Amino acid sequence: MASLTPPRTFHVTSFGCQMNVYDGERMAELLVAEGMSAAGARDTADLVVLNTCHIREKATEKVYSDIGRLRREDGTTPLIAVAGCVAQAEGAEIMARAPSVRVVVGPQAYHRLPAMVAAAAAGGRETETDMPATAKFAALPRRRKSGPSAFLTIQEGCDKFCTYCVVPYTRGAELSRPFADLIAEARALVEGGAREITLLGQNVNAWRGTDDRGRAIGLAGLAEALAAITDLARIRYTTSHPADMDDALIAAHADNPKLMPFLHLPVQSGNDRVLRAMNRSHSADSYLKLIARVRAARPDIALSGDFIVGFPGETEAEFADTLALIDAVGYAQAFSFKFSPRPGTPAATLGDAVPAEVMDDRLQRLHARVNRDQLAFNRASIGRRCNVLVERRGRQDGQWLGKSPWLQSVHFTDPAAIGDLVTVELISAGPNSLAARRVD
Ligand code: SAH
Ligand code: SF4
Ligand code: F3S
């Protein structure tokens, strides 16, 4: 049983995508604005927020094991709040299955977290899973401090309804935050120390808005307006959907020098039958043509993708099409997942499951291809001069870690400080990082 005194310290653990990381930061800011402070460690916090992800099966199970692990040696538990996408999808079940959970709050309702925590501390159990997010952003405090690289959610939700995916159900319909709010938040982040901002959305390139001169703009227009913030050096965005990759955004990769040469553009499969069954609105060929246009605009762009292996009924020949697409693109990095049937999604009822050992084998073969291409991309970077945004200290004495424009991890040992944008030459490459020396 948790104590009935109001919590003074808190800890937020975020799982899942970068939008959840952003939400976790905003929840922490809300709690600080209420006079609470961040606990030094999770096991001393009065309040623990588990900011959960529902995207694959293991993620959900992890939540329940994490709730169990919050029980302390003396038998007490902190006040537990479950936030994020599992809260949205399975809030009632969590309340029933985990009596130690006192607050369940969905991703579009977390502006109410402080009030719910107060009510729970007074003995209640609180659930709030309202959508959409219109009220949330307006209720969040102004941003103050930021690391060199900051996240900024500009768009939420998804209308695409890929047949395997829970996001349209957990995050709701596509919603773009207003232009003026985003410029204000970006300025606050930059004043707080950010030199790089990554614009976030489940379909970030579906963002639409009206600029300060009343013109209808998309992500390219927003990136252009953000580029006018002098101390902001770099702009990134993720995750994009192929269907929303418009001409203006492609052109921005040629014209906007602050837009980094990196594009995460998930394709999921290289086979058209599978893509149709997934309700992806592109074919393998239309995706490759899109990539060619992006590369024509920005020849050095680094490409990244997401893949699902073992979608129901996927044959060896269909999987081979995915490997062929990987060969054709040459990704600088990629994320791959075994198909996981999610409750309430159409693909979960398709039957025709691919056996687990076949999925494992395909995942391994896909990994091998992607690792090969990632190493090749990194090796091809040796000798390049580029800037690196220094984000933190490395493990070795005097070592600094940062990211290249192509989102590679770069380490070097020359003098520097966190937040510096230094010019380096890349001197050696491994599969996951590059060594560099300063040349400025
Ligand atoms: N909105 C983004 C990201 C969605 S979630 C997009 O459309 O690309 C991130 C990735 O998780 C997806 O790209 C997909 O590869 C994977 N994923 C989503 N649902 C899944 C499922 N049911 N099983 C396995 N992987 C899944
Ligand atoms: Fe999920 Fe598809 Fe939407 Fe991405 S585009 S969030 S994979 S439904
Ligand atoms: Fe997970 Fe929700 Fe993000 S399901 S991937 S936390 S949108």
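In the predicted model, Lys136 is located in helix α5, which comprises residues 134-139. With a relative accessibility of 0%, Lys136 is classed as buried, because the limit for burial is under 20%. The side chain of Lys136 forms a polar contact of 3.0 Å with the side chain of Gln108. When neighbours within four places in sequence are set aside, the residues in contact with Lys136 are Asp23, Pro107, Gln108, Tyr110, His111 and Glu156. Gln108 thus appears both in this list and as the partner in the polar contact.

A second buried basic side chain is found in another helix. Arg362 belongs to helix α13, residues 356-380, and counts as buried at 5% relative accessibility. Apart from neighbours within four places in sequence, Arg362 touches Val309, Glu314, Thr315, Glu316, Phe319 and Val354. The C-alpha atom of Arg362 is separated by 33 Å from that of Gly402, which lies 40 residues away along the chain.

Helix α12 spans residues 316-329, and its 14 residues should extend over 20 Å at 1.5 Å a residue; the end C-alpha atoms are 20 Å apart, in agreement with that expectation. The buried residues of α12 are Glu318, Phe319, Thr322, Leu323, Leu325, Ile326 and Val329. Viewed down the helix axis, these buried residues fall within an arc of 155° and therefore line one face of α12. They pack against α10 (272-277), α11 (284-297), β15 (302-309) and α13. Phe319, one of the buried residues of α12, is also among the contacts of Arg362. Gly330 follows α12 and has a positive phi, near 70°.

Helix α2 shows an arrangement that can be described in similar terms. For its 13 residues, 57-69, a span of 18 Å is expected at 1.5 Å a residue, and the 19 Å between the end C-alpha atoms agrees with this value. Burial in α2 involves Thr60, Val63, Tyr64, Asp66 and Ile67. These residues cover an arc of only 160° around the axis, which places them on the same side of α2. Their packing partners are β3 (47-52), β4 (79-83), α3 (84-97) and β5 (101-105). Lys58 and Arg69, by contrast, are exposed and lie on the face of α2 turned away from the buried side.

The model also contains ligands, whose surroundings are described in turn. Ligand 1 is surrounded by 15 residues, of which Tyr164, Gln202, Gln268, Asp306 and Ser340 are the closest. A nitrogen atom of ligand 1 lies 2.7 Å from a polar backbone atom of Gln202. Side-chain N or O atoms are found 2.6 Å from a ligand oxygen in the case of Gln268 and 2.7 Å from a ligand oxygen in the case of Asp306.

The shell around ligand 2 consists of Cys158, Lys160, Phe161, Cys162, Tyr164, Cys165, Val167, Pro168, Gln202, Asn203, His241 and Arg280. By class, this shell has 7 nonpolar, 3 polar and 2 charged residues. Around ligand 3 are Cys17, Asn20, Cys53, His54, Ile55, Cys85, Arg171 and Gln202, a shell divided into 4 nonpolar, 3 polar and 1 charged. Gln202 is listed around ligand 1, around ligand 2 and around ligand 3, while Tyr164 is listed around ligand 1 and ligand 2.

Key. Residues are numbered from 1 along each chain as its sequence is written. Chains are lettered from A and ligands numbered from 1 in the order in which they are written. This is a predicted model: local features need pLDDT of at least 70, side-chain atom pairs count only at pLDDT 80 or more; totals for chains, interfaces and linings use all residues. Side-chain values use heavy atoms; hydrogens and water are left out. Helices (H or I, at least four residues) and strands (E, at least two) are DSSP runs, numbered from the N terminus. The expected span of a helix is 1.5 Å times one less than its number of residues. Buried means under 20% relative accessible area, exposed over 50%, partly exposed in between (1.4 Å probe, protein chains only). The arc is that of the directions from the helix axis to the C-beta atoms. Contact means heavy atoms within 4.5 Å. A residue is near a molecule or strand if one of its heavy atoms lies within 4 Å of it. Ala, Val, Leu, Ile, Met, Phe, Trp, Tyr, Cys and Pro count as nonpolar, Asp, Glu, Lys and Arg as charged, and the others, Gly among them, as polar. A polar contact is a pair of N or O atoms within 3.5 Å; within protein, one must be able to donate a hydrogen and the other to accept it, and residues adjacent in sequence count only if both atoms are side-chain atoms.
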